[in-house]
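Here is a quick tour for someone opening this structure for the first time. Have a look at the sequence and the model, then read on.

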Amino acid sequence: MTTSLADKLAPYGIDYVDAMDRFGDNAKLYERLALKYLDDSHLVGLQAAIEAHDFSDGYSEAHALKGVAGNLSFKDLFRTAALVSDALYAGESDAAIDYLPQVEEAHKLVIQGLEAWQNGEL
C-alpha cells in the first residue's frame, strides 16, 4: 500500500487535501507556491520586531504570516501565527511573546516537510 502525499505531508502540519480544495486540484500550482514559502521572510521579520519591541510591525508580520500559512494550508503554522497576530492586535504583547516559540516550531516543521518534498524524499 502506498502512502499518499497528503499522508506524508500531514506530520509537517501541511493539509494537502485542503490545499487541493483551495487550489482547485491544481497540484503543480500548489507545489510551486508552497515551495516558494522556503524563501518567505515573515517569520524573520516577526522575530526581529518582537525582539525590538516593535509590536505594530510585529502585528503586520504575524498577520502576513498567518495569511500565507492559511492560503497554503499550513494548518499548525496558521493557528499559531493567528495566536500571535490576535494577541498583538489586542495589545497583549506578553502573550504574543509567549506564543512565538509555537510559531517557530510550526514553521520549522513546515520547512522540513517542504524540503523533504522538494528533495523527492516524500
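Tyr30, Glu31, Ala34 and Leu35 on the H3 side touch Leu114, Trp117 and Gln118 on the H7 side. Sorted by class, the contact of H3 with H7 has five nonpolar residues, one polar and one charged. Keep in mind that this is a predicted model. H3 covers residues 27-36 and H7 covers residues 93-118; their axes come within 10 Å and cross at roughly 130°. That angle makes H3 oblique to H7, and H3 passes H7 in a left-handed crossing.

**Two other partners of H7**

H7 also meets H6, which spans 75-89. Here the axes come within 8 Å and cross at roughly 160°. So are H6 and H7 roughly parallel or roughly antiparallel to each other? They are roughly antiparallel, because angles over 145 degrees count that way. The crossing is left-handed.

The list of residues in this contact is a long read. From H6 come Asp76, Leu77, Arg79, Thr80, Ala81, Leu83, Val84, Ala87 and Leu88, and from H7 come Ser93, Ala95, Ala96, Tyr99, Leu100, Gln102, Val103, Ala106, His107 and Val110. They divide into 13 nonpolar, four polar and two charged residues.

Then there is H4, residues 42-51, which packs against H7 at an angle of about 160°, with the two axes 11 Å apart. That makes H4 roughly antiparallel to H7. On the H4 side the contact is made by Leu43, Leu46, Gln47 and Ile50, and on the H7 side by Ile97, Leu100, Val103, Glu104 and His107. By class that is six nonpolar, two polar and one charged residues. The crossing of H4 and H7 is left-handed.

**Three loop residues**

Now for the loops. This table lines up three residues, where they sit and how accessible they are.

| Residue | Loop between | Relative accessible area |
|---|---|---|
| Asp25 | H2 (16-22) and H3 | 59%, exposed |
| Ser73 | H5 (55-71) and H6 | 1%, buried |
| Glu92 | H6 (75-89) and H7 | 46%, partly exposed |

Take Ser73. Why does Ser73 count as buried? Its relative accessible area is 1%, and buried means under 20%. Leaving out residues up to four places away in sequence, Ser73 touches Gly13, Ile14, Asp15, Asp18, Ala19 and Arg22. With one of these, Asp18, the side chain of Ser73 makes a polar contact of 2.6 Å.

The backbone of Ser73 is worth a look as well: its phi is positive, about 60°, although Ser73 is not a glycine. Most residues other than glycine have a negative phi. Asp25, in the loop between H2 and H3, also has a positive phi, near 60°, and is not a glycine. Asp25 is exposed, with a relative accessible area of 59%, whereas Ser73 is buried.

Glu92 sits in the loop between H6 and H7. Why is Glu92 called partly exposed? Its relative accessible area is 46%, and that label applies in between the 20% and 50% cut-offs. How far is Glu92 from Leu33, C-alpha to C-alpha? The two atoms are separated by 32 Å, and the residues are 59 apart along the chain.

Definitions and conventions
Residues numbered from 1 in each chain as written. Predicted model: local features only at pLDDT ≥ 70, side-chain atom pairs only at ≥ 80, totals over all residues. Heavy atoms only, no water. Axes fitted to C-alpha atoms, helices over the stretch in contact; angles between N-to-C directions. Helix = DSSP H or I, 4+ residues; strand = E, 2+ residues; numbered from the N terminus. Parallel < 35°, antiparallel > 145°, perpendicular 65-115°, else oblique. Left-handed = near helix turned anticlockwise from the far one by under 90°. Contact = heavy atoms within 4.5 Å. Nonpolar A, V, L, I, M, F, W, Y, C, P; charged D, E, K, R; others polar. Buried < 20%, exposed > 50% of the residue type's maximum accessible area, 1.4 Å probe, protein only. Polar contact = N/O pair within 3.5 Å; in protein donor to acceptor, adjacent residues only side chain to side chain.
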